[in-house]
There are 2 protein chains.
Amino acid sequence: MTAETDVRERVLDAADSLFYSRGFSAVGMDEVRDAAGVSLRRLYSAFPSKESIVLAMLERRHEQWTTELRAVVDSRDDPRARILAVYDYLSAWFADESFRGCGFINAFGELGGVSPAVTSLIRAHKQSFQDEMARLADEAGAPPPLAPQLAILAEGAQTTAAIAGDPLAAGHARAAAEILVDAALA
Amino acid sequence: MTAETDVRERVLDAADSLFYSRGFSAVGMDEVRDAAGVSLRRLYSAFPSKESIVLAMLERRHEQWTTELRAVVDSRDDPRARILAVYDYLSAWFADESFRGCGFINAFGELGGVSPAVTSLIRAHKQSFQDEMARLADEAGAPPPLAPQLAILAEGAQTTAAIAGDPLAAGHARAAAEILVDAALA
DNA sequence: CCGACGTGAGAACGCTCGTTCTCGCTTCCC
DNA sequence: GGGAAGCGAGAACGAGCGTTCTCACGTCGG
């Protein structure tokens, strides 16, 4: 069973990296096989189809993102600092040289119009982020409108950083968040 | 010559609608031909390749977007109202039933990793929007950091409205923009 | 030592794609 | 009226896709 999960991990690692950097339809299964170092036979015994790999990869990405974000947030105690920590997490992420935007937003552009399964997974991921923001805003005692505003800032920072290639977007979003938080708590 | 431009327009109309709603690789040239009501022969005499259609379509979309946005902004006189008009424009756009996010952000996800020409066109479009925001913020006498913050709000509203399917994102972004503008002008 | 099984490498399959070519028909100019 | 050019419809082509199959080989229980 370990061998089986190992194959799945290797395939998901390779698929995540390739699909994230080049998109889904631009990457063939042969390339995934080569990058994973796995035979096509084993690959298709671990996953029934390419789409199932995409779905599994997005699920794993969602869990990684959620875990990492929570870790950064939980390193702070002050409710205001916990909110702002979200943008610090974004800042560190944007600095990664292989950063090419939010994988879920990218997937939505390519597959959102044709794959309902992928669409609902993307939606769930973004909803979970909004819930997280609502929790943090609530902890700080802020009124309800703050949370969606903070989430919108985070989303905008991601696409701006990706397309303009400007990691400073996280700083701008953080500065705006500070103003909004302070205004909401006043 | 009119016939030639007519063919181009018909093809671009069809391609824009199809590519925007389903993505690029999910739509074949046969489908574009059917929707455009043009023979494949004429289609390929007007455009050398599928990618050239994508590029022409994005350029046209950029001009439409810029023109429409300027019209809404120019319907206001007060500098503060001109800034907020941007989010009113977004609000009206999100209400369109065929809205599926920003076509440029979507294109970036699918083609940004493989087509440099498409990437630089997308970048130019987003840069032009940031420039527009900088002009509006400058008109209002706001300090420099405001403009990127307003732009990030607009980008975030677009992806949030698209993925969550929530048109209210424009309202949240507008409310946040009001707070940021007032804080910057205080 | 042997046969059954599981595996890796990659050929093969069926399909779809972007693009080009064929062919019969229309059109229009002289 | 005749021939050359342009056109639409769709077949054809070559490539690439996701997926499956073949086959030779290694492994291992008996």
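How much area is buried between chain A and chain B, and what share of it do carbon and sulfur atoms give? The buried area is about 3,200 Å², and carbon and sulfur atoms give 69% of it. Buried area here is the accessible area, taken with a 1.4 Å probe, that two parts lose on being put together, summed over both.

This is a predicted model, in which local features need pLDDT of at least 70 and side-chain atom pairs count only at pLDDT 80 or more, while totals for chains, interfaces and linings use all residues. Residues are numbered from 1 along each chain as its sequence is written, chains are lettered from A and ligands numbered from 1 in the order in which they are written, and side-chain values use heavy atoms, with hydrogens and water left out.

## The interface between the protein chains

Across the interface, 39 residues of chain A are in contact with 39 residues of chain B, contact meaning heavy atoms within 4.5 Å. On the chain A side, Phe108(A), Ile152(A) and Ile163(A) lose the most area to chain B, and together they make up 22% of what that side buries.

Two copies of a chain are related by a rotation about an axis and a shift along it. Here, a turn of 180° and a shift of 0.0 Å along the axis lay chain A on chain B with an RMSD of 0.0 Å. That is the relation of a two-fold axis. The superposition is by least squares on the C-alpha atoms of residues with pLDDT of at least 70 in both copies. Gly156(A) has the C-alpha nearest the axis in chain A, at 1.7 Å from it. The same surface serves both copies, since 100% of the contact residues of chain A recur in chain B.

## The DNA strands

A residue is near a strand if one of its heavy atoms lies within 4 Å of it. DNA strand D is surrounded by residues of both chains, including Val27(A), Gly28(A), Met29(A), Tyr44(A), Lys50(A), Ser39(B) and Arg42(B). Residues around DNA strand C include Ser39(A), Arg42(A), Val27(B), Gly28(B), Met29(B), Tyr44(B) and Lys50(B). Of the atoms of DNA strand C that come within 4 Å of the protein, sugar and phosphate account for 62%. For DNA strand D, 64% of the atoms within 4 Å of the protein belong to sugar or phosphate, and the rest belong to bases.

The table lists polar contacts with the two strands, a polar contact being a pair of N or O atoms within 3.5 Å; within protein, one must be able to donate a hydrogen and the other to accept it, and residues adjacent in sequence count only if both atoms are side-chain atoms.

| Protein atom | DNA atom | Distance |
|---|---|---|
| Tyr44(A), side-chain N or O | strand D, phosphate oxygen | 2.6 Å |
| Lys50(A), polar side-chain atom | strand D, phosphate oxygen | 2.3 Å |
| Arg41(B), side-chain N or O | strand D, base oxygen | 3.3 Å |
| Met29(B), backbone N or O | strand C, phosphate oxygen | 2.7 Å |
| Arg41(B), side-chain N or O | strand C, base oxygen | 3.2 Å |
| Lys50(B), polar side-chain atom | strand C, phosphate oxygen | 2.2 Å |

Helix α3 of chain A and α3 of chain B each supply at least two residues of the surface near DNA strand C. The largest share of that surface, 3 residues, comes from α3(B), whereas α3(A) gives the largest share of the surface near DNA strand D, also 3 residues. Helices (H or I, at least four residues) and strands (E, at least two) are DSSP runs, numbered from the N terminus.

The residues of the surface near DNA strand D divide into 4 nonpolar, 3 polar and 4 charged. Near DNA strand C the residues likewise divide into 4 nonpolar, 3 polar and 4 charged. Ala, Val, Leu, Ile, Met, Phe, Trp, Tyr, Cys and Pro count as nonpolar, Asp, Glu, Lys and Arg as charged, and the others, Gly among them, as polar.

## Individual residues

Gln158(A) has its place in helix α8 (residues 146-164) of chain A. Gln158(A) is buried, with a relative accessible area of 1%. Buried means under 20% relative accessible area, exposed over 50%, and partly exposed in between (1.4 Å probe, protein chains only). Leaving aside neighbours within four places in sequence, Gln158(A) is in contact with residues including Trp65(A), Trp93(A), Phe99(A) and Lys126(A).

Ala157(B) is found in helix α8 (residues 146-164) of chain B and is buried, at a relative accessible area of 0%. Not counting residues up to four places away in sequence, Ala157(B) touches Ile152(A), Leu90(B), Phe94(B), Ala169(B) and Ala173(B).

Glu4(A) lies in helix α1 (residues 2-22) of chain A and counts as partly exposed, at 31% relative accessibility. Beyond residues up to four places away in sequence, Glu4(A) touches Ser45(A) and Ala46(A).
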